[in-house]
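I opened the model to look up a few side chains, some ring pairs and one sheet. My notes follow in the order I checked them.

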Amino acid sequence: MRILGEGPNGGLNNACAKGRKWIHEHGTVTHIPQWGKFWLSVLGIVDWSGSHPLPPEFWMLPNFFPMHPGKMWCYCRLIYMPISYLYGKKFTGPITPLILNLRDELFTEPYNENMWKKARHKCAKEDLYSPRHWIQDLIWDGAYFFAEPILRRWPLSKLVREKALKLTMEHIHYEDENSRYMDPACVEKILCMLVCGVEDPNGEAIKKHLARVPDYLWLSEDGITVQARIQTWDAGFIVQALLATDLMDEFGSTLAKAHDFIKKSQVKLTKLADDMDGTVQDSFLFIVFRQIIAITLSIEEFSCVEDPEDFLLAQTAGYLHRVGFTRKRERLIDPMDRASPLPSTSVQNQAVSESLPLPFLPNELVVEILSRLPVKSLLQFSLSTVCDDLNYPVKNKFRHDGIVGSCNGLLCFAIKGDCVLLWNPSMRASKKSPPLGNNWRPGCFTAFGLGFDHVTEDYKVVAVFCDPNEIYSECKVKVYSMAANTWRKIQDFPHGFSPYQNSAKFVSGTLNWAANHPVGSTSLWVIVSLDLHKETYREVLPPDYEKEDCSTPTLGVLQECLCMNYDYKKTHFVVWMMKDYGMRESWFKLVSIPYLPNPEDFSYSGPYYVSENGEVLLMFEFDLILYDPRDNSFKYPRIESGKGWFDAEVYVETLVSPMKH
């Protein structure tokens, strides 16, 4: 609570003071268990001499040693690995005024007068689940009084301690890469991320760790949620429990899916490491590459290869042209036909699998791997790329900038809801707007929209600021002119209407928002349109659709026409198109797309494009799909260099420069 900003006597009903009193009555923090002493040592509240030794040399023990780390339970091993690195470095964070205050508050005697050597064995009875044996205390004392002082002095500090720290760090990096910087245990993730920051605050490892924090810690409907990557573990226990019930017939389909998941989660290959230099890193990489190839080939294709291992080595070249890539477990309707038709009467019986991201591979590692492949194999398979990486100009590892519009080759990104970035990727040119200056507070949001004023020939971004905390307050609207590079206020959003947080859609010189309009105890879904030149509002009437059986509609643009999309009874995704803008009678139902079996209740998003033959490009979860209404079939474009998609937008290359307006 003190770290979060509460004062010494802060918190509800003097919670800090009461907590401090309880700690003092139970022996102060010198009686905290070992993990607590470790974290307080990292913070600088407890001296490292008050903790039992956790030497990194432990990882240098030979394999035959009875206490070799490889023989420990994985969570114990993986958690104590980064702890031992920090102990070996005796790392302590910056000593701030708050840390000094906590030193005074958490002890009953001056900090410098504490007997840290005796504090090692102290533990409050409430935390001592099992009394330590005297042999264990003897081992701790031997390491504390004899081993640690020797290992910290030259020459062993150079010959042994530094080597042990390096080896420990190699194991940590391997575990990070193997788990895609999520790590199997929720505690381990934080520790490994801290260690990577200690090793190199500007290194690639800490950047990749920080990039995965939103996947590790997020706010859900149940509160703060932490990810622990134990799906295979849980699946195994669930299968055992189901088998023990003797109800296999009732849970047959569930067991079949669980078997398929566990089977696909197995790491099957270790032999290729022996063909190279036997390092852990090489073994891991070639396991990954085999998974890439084997999953994307049909059984017949793979079984016809004379030497599967050589074939895998050769195929690897075709998958490593880009630095980042995605392993695709194809969502097959028919495993032998990726474009097989989906009968409308048998949607519930089709199978779907998932798409999983692979770790980022540095360029030098890719070159090293390819250099080990035979020339014949390299020539046999051409290098190809399905998509290009665009170098976003204002990357920030701590945030996600959402796309809020696309117009004539310009992409518009919202940055923290306070300003926007206009960017033309083909010209490598961008312009960042001044801040909006709204009085933001929790619950507020801003709905953006990008469009082109054909009269003044100026690109404009409209920001609608909504504050649900003020019941009778109107939504404030500002317009950003790319030519003037300024924001200015215009007329408020229509009274009683509030836009959803989706971005506006630009059609026929207007920006269009899906909005909510309360009427008594109910609310209506409406379309609010803003004329970019006249800066006047109007309501665009939707078609006569199935309001009672559908989800809240969203808006889109296809072939320069306004579209409306919604889920119908969770079985179909319905798309309407307005042929003549503003004319209600011109609405027509463009397509109704069936859902595949969808246990996680994901919805389609889009559509983004309709081809001349009627094929519709959509996104499902984080993958693009192509639906053909002529034979009711699905295709799944493979984006080999993709890393998982969160936003999608249609972009057309132009020479429009944001710097020249």
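**Arg20.** I began with the side chain of Arg20, which makes a polar contact of 3.1 Å with the side chain of Asn9. This is a predicted model, and I read every value below as computed from it. Arg20 is found in helix H1. I then asked which residues Arg20 touches, leaving aside its neighbours within four places in sequence. I noted Pro8, Asn9 and Glu105 as its contacts. Is Arg20 buried or exposed? Its relative accessible area is 18%, and the cut-off for buried is under 20%, so I entered Arg20 as buried.

**Thr28.** Next I looked up Thr28, which I found in the loop between helix H1 (15–25) and helix H2 (34–43). At 10% relative accessibility, I put Thr28 down as buried. The side chains of Thr28 and Thr30 are joined by a polar contact of 3.0 Å. For contacts, I again set aside neighbours within four places in sequence; Thr28 then meets Ile23, Leu106, Phe107 and Thr108. I checked Thr108 further: Thr28 and Thr108 are 80 residues apart in sequence, yet their C-alpha atoms are 7.0 Å apart in space.

**Aromatic pairs.** How many aromatic pairs does the structure hold? I recorded 20. One of them is Trp35 with Tyr80, with 6.3 Å centre to centre and 65° between the planes. Planes over 60 degrees apart count as edge-to-face, so I filed Trp35 and Tyr80 under that heading. I traced where the two rings come from: Trp35 sits in helix H2 and Tyr80 in helix H3 (residues 74–89), 45 residues apart, and the pair links distant parts of the chain. Trp35 is partly exposed, with a relative accessible area of 37%. Tyr80 is also partly exposed, with a relative accessible area of 26%.

I then went to Tyr480 and Trp487, whose rings are 5.3 Å apart centre to centre. Their planes make an angle of 45°, and I noted the pair as tilted. Both Tyr480 and Trp487 are buried.

I also followed the ring pairs that link Phe38, Trp39, Trp48 and Tyr87 into a cluster.

**Charges over rings.** Staying with Tyr87, I found Lys90 over the face of its ring, 3.6 Å from the ring centre. I made a second entry of this kind for Arg103, whose charged end sits over the ring of Tyr111, 4.0 Å from the centre.

**The sheet S18 to S21.** Last, I looked at an open sheet of four strands, in the order S18-S19-S20-S21, with antiparallel pairing. Which strands stand at the edges? I noted strand S18 (554–558) and strand S21 (587–594). Each has a single partner strand, so one side of each is left without a neighbour in the sheet. Neighbouring strands of this sheet are turned by 30° against each other on average, direction ignored.

I then took up the pairing of strand S20 (residues 572–578) with S21. The two run antiparallel and are joined by seven bridges. I looked up one residue there, Met578, and found its bridge partner in S21 to be Trp587.

Definitions and conventions: Residues are numbered from 1 along each chain as its sequence is written. This is a predicted model: local features need pLDDT of at least 70, side-chain atom pairs count only at pLDDT 80 or more; totals for chains, interfaces and linings use all residues. Side-chain values use heavy atoms; hydrogens and water are left out. Two strands pair if DSSP finds at least two bridges between them. Axes are lines fitted to C-alpha atoms, for helices over the stretch in contact, and angles run from 0 to 180 degrees between N-to-C directions. Buried means under 20% relative accessible area, exposed over 50%, partly exposed in between (1.4 Å probe, protein chains only). Contact means heavy atoms within 4.5 Å. A polar contact is a pair of N or O atoms within 3.5 Å; within protein, one must be able to donate a hydrogen and the other to accept it, and residues adjacent in sequence count only if both atoms are side-chain atoms. Rings of Phe, Tyr and Trp (its six-membered ring) pair if their centres lie within 6.5 Å; planes under 30 degrees apart count as stacked, over 60 as edge-to-face and the rest as tilted. A charge sits over a ring if NZ of Lys or CZ of Arg is within 6 Å of the ring centre and within 35 degrees of the ring normal.
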